[in-house]
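Visitor: I'm new to this one. Could you take me through its salt bridges, slowly and up close?

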Amino acid sequence: GTDKQGECKGRGDKKAAIAAQHLKTRAVLDSYLTGPIPDWVCYLDDDMSVNVAVLKEDLLELSPSCSPDCLIAHGELFEEKPYTVGGYCMQSNLVKRLATLFSTKTDAELGWTQTDDVDFNRRVMQDALGVTVTNSERWYSEFAFPEVDEYGDFHKHSFHELSSMYGAKAWDNFSERKKAAQNDVELMARFVPNVAVYHMGYEK
């Protein structure tokens, strides 16, 4: 697209990308200030895919543990601070609270100066609203992959999980195991239809 959001990665104009992320996030929430709010609002990166029926089931199963302010996603940790990867689904009560907050506070007043994932979760969701992401085992961002156990079931592993185990070698370990999962045709045939949200790289 032309909104420069992707330039946060690589050598692009990071400042412009962050500004675009903030504007887009606020624009989505502004639309719920006066209009009706659905039970859930999902905001996903454009490289994520959704199995709608599985997502509905996932939200229903997880909501008792976090309602009425559920924020459900692939949750990761950065410097031991939880954040969402690849997008999120937000319960209606939280959407209303966030839309109201955005209508009364600027980014500067919130201390939200960086990205729409790590910094948004830290400054807006946690500091301002007291909400922490609920990690779903059925959401797979680009930083997660499935592996089959001895019983033939697949389980989620993440880059952060491997970082705590392998240190400096974690990325190589993660990349190798993720590639092996993607190349396992039988696994992918079972995996893709049975997860709620997943990175489009798993469709190849």
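Guide: Here is a walk through the salt bridges, with a short stop at some backbone angles at the end.

A word on the ground rules: this is a predicted model, where local features need pLDDT of at least 70 and side-chain atom pairs count only at pLDDT 80 or more, while totals for chains, interfaces and linings use all residues. Residues are numbered from 1 along each chain as its sequence is written, and side-chain values use heavy atoms, with hydrogens and water left out.

Side chains of opposite charge can pair when their charged atoms come close. Here a salt bridge means a side-chain nitrogen of Lys or Arg within 4 Å of a carboxyl oxygen of Asp or Glu, and by that rule there are 9 salt bridges.

Let's start with arginine 26 and aspartate 107, whose side chains meet at 2.7 Å, N to O. Arginine 26 sits in helix α1 (residues 14–30) and aspartate 107 in helix α4 (residues 107–110), so this pair ties together parts that are 81 residues apart in sequence. (Helices are DSSP runs of H or I with at least four residues, strands are runs of E with at least two, and both are numbered from the N terminus.) Arginine 26 is buried at 15% relative accessible area, and aspartate 107 is buried too, at 19%. Buried means under 20%, exposed over 50%, and partly exposed in between, using a 1.4 Å probe and protein chains only.

Next up, arginine 138 bridges to glutamate 57, with the closest N and O atoms 2.7 Å apart. Arginine 138 lies in the loop between β5 (134–135) and β6 (139–140) and glutamate 57 in helix α2, so here too the linked parts are 81 residues apart in sequence. Arginine 138 is buried, at 18%, whereas glutamate 57 is partly exposed, at 40%. These two also belong to a network of salt bridges that links Glu57, Asp58, Glu61 and Arg138.

Now for a pair within one helix: aspartate 119 and arginine 123 meet at 3.6 Å, N to O. Both lie in α5 (residues 118–128), 4 residues apart, or about one turn of the helix. Aspartate 119 is buried at 10%, and arginine 123 is partly exposed at 31%.

Last, the backbone. Most residues other than glycine have a negative phi, and most peptide bonds are trans. Glutamate 79, though, has a positive phi near 50°, and glutamate 80 has one of about 65°. Glutamate 79 is in the loop between β3 and β4 (81–91), as is glutamate 80. Meanwhile, the peptide bond from serine 67 to proline 68 is cis, with omega near 10°.
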